[in-house]
Amino acid sequence: MSETLLEGRGVTKRFGGLTAVSAVDFTVQKGEILGVIGPNGAGKTTLLNCITGLDPANEGEILFRDERIETMKPHTITRMGIARTFQIVQPFAGLAVRENVVMGALFGSQKSKKEVKRAQELADEMLAFVGLSDKAAQLASQLTLAERKRLEFAKSLATEPEVLLLDEVNAGLNTTEIENAISLIHKVREQGVTILVIEHLMKVITDLSDRVVVLHHGEKIAEGLPREVTSDEQVIKAYLGEKYVAMMKKLDEES
């Protein structure tokens with residue numbers, strides 16, 4: 001029987017008169033990759049912000065290992081074992097790449113927060129893991145977009161998370177860079193980290209995800225296996241469109 005690590009019950013977030021997330025239920029099982037999709041403005045990033053305490057939910061419950069976390073501060077949630085990346089990467093531009101990752105370890109890791117030497121060792125390990133060891137001494141501002149995305153991975157992994165939340169890590173990347181990012185996500189899962197990923201590229205979602213949740217206007221409209229979700233009429237109408245369905249049908253016929 002699978003173990004639920006992260007769960008949301010009726011999660012609702014309002015900004016004035018706008019309801020960005022409306023009574024959303026979700027579960028993330030230990031060891032899985034859960035994909036979250038939906039059009040722009042569907043509430044995907046807001047849901048991540050609720051989980052991580054950046055925008056606390058107005059209603060509902062969020063549980064990590066059966067402990068309610070929806071009123072906790074972001075640093076507390078991180079040190080419990082939930083890390084995230086951001087859609088728009090914003091490294092400490094004036095610090096070296098290695099120093100950026102050391103900051104992640106000192107801030108987020110329960111084990112490393114008072115041990116600079118351990119944080120430095122962990123930073124070196126994470127930079128090697130994401131393929132940035134040769135960039136360790138460079139300023140973060142000198143990295144390419146793809147490299148800054150990998151730095152974001154390294155900073156998050158340096159907090160030693162059980163659950164990693166990824167917010168459109170492939171945005172702005174070319175085909176080769178996307179393939180490298182997918183490979184890195186698989187490697188992260190192989191290290192025992194459970195993953196929730198927001199993504200617009202359907203091929204990435206179907207290749208990566210064990211299950212998919214679909215949001216539309218802040219509400220969950222579908223949930224299931226990738227193939228089930230992408231053939232759901234409500235999802236096609238709200239998000240995918242008939243062109244996507246025709247394309248996938250053609251690919252199936254050619255394979």
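What follows is a short chat about a predicted model.

Me: Let's start with the pocket. What volume does the largest pocket have?
Reply: About 510 Å³. Keep in mind that this is a predicted model.

Me: How many residues line the largest pocket, and which lie nearest its centre?
Reply: The lining has 20 residues. Nearest the centre are Arg84, Phe86, Phe107, Lys155 and Ser156.

Me: Which elements give two or more residues to that lining?
Reply: Three helices and a strand: α2 (74-80), α3 (97-108), α5 (145-157) and β6 (82-84).

Me: Which one gives the most?
Reply: Helix α3, with five residues.

Me: And how do the lining residues divide into nonpolar, polar and charged?
Reply: Nine are nonpolar, eight are polar and three are charged.

Me: Stay with α3. Asn100 lies in that helix. Is Asn100 buried or exposed?
Reply: Buried. Its relative accessibility is 0%, and the cut-off for buried is under 20%.

Me: What does Asn100 touch, leaving out residues up to four places away in sequence?
Reply: Pro91, Phe92, Leu95, Ala140, Leu151 and Lys155. Lys155 also turns up among the residues nearest the pocket centre.

Me: Switching to rings. How many aromatic pairs does the structure hold?
Reply: Zero.

Me: What about charges over rings? Which ring does Arg79 lie over?
Reply: The ring of Phe107. Arg79 is over its face, at 5.8 Å from the ring centre. Phe107 is also one of the residues nearest the centre of the largest pocket.

Me: And where does the charged end of Lys13 sit?
Reply: Over the ring of Phe15, 5.2 Å from its centre.

Me: New topic, Thr52. Where is Thr52 found?
Reply: In helix α1, which covers residues 44-52.

Me: Why does Thr52 count as buried?
Reply: Because its relative accessibility is 5%, and buried means under 20%.

Me: Which residues does Thr52 touch, again skipping those up to four places away in sequence?
Reply: Pro74, Ile77, Ile82, Arg84 and Leu165. Arg84 is another of the residues nearest the pocket centre.

Me: What separates the C-alpha atoms of Thr52 and Leu34?
Reply: 16 Å, with their positions 18 residues apart along the chain.

Me: Last one, Thr71. What is the place of Thr71?
Reply: The loop between β5 (67-68) and α2.

Me: Buried or exposed?
Reply: Thr71 is exposed, with a relative accessible area of 72%.

Me: What separates the C-alpha atoms of Thr71 and Gln234?
Reply: 33 Å. The two residues are 163 residues apart along the chain.

Notes: Residues are numbered from 1 along each chain as its sequence is written. This is a predicted model: local features need pLDDT of at least 70, side-chain atom pairs count only at pLDDT 80 or more; totals for chains, interfaces and linings use all residues. Side-chain values use heavy atoms; hydrogens and water are left out. Rings of Phe, Tyr and Trp (its six-membered ring) pair if their centres lie within 6.5 Å; planes under 30 degrees apart count as stacked, over 60 as edge-to-face and the rest as tilted. A charge sits over a ring if NZ of Lys or CZ of Arg is within 6 Å of the ring centre and within 35 degrees of the ring normal. On a 1 Å grid over the protein atoms alone, a cavity is a set of points where a 1.4 Å probe fits but cannot get out, and a pocket is an open set with protein on both sides within 12 Å along at least five of seven lines; lining residues have an atom within 4 Å of a point. Grid points are joined across faces, edges and corners, and a volume is the space filled by probe spheres set on the points. Helices (H or I, at least four residues) and strands (E, at least two) are DSSP runs, numbered from the N terminus. Ala, Val, Leu, Ile, Met, Phe, Trp, Tyr, Cys and Pro count as nonpolar, Asp, Glu, Lys and Arg as charged, and the others, Gly among them, as polar. Buried means under 20% relative accessible area, exposed over 50%, partly exposed in between (1.4 Å probe, protein chains only). Contact means heavy atoms within 4.5 Å.
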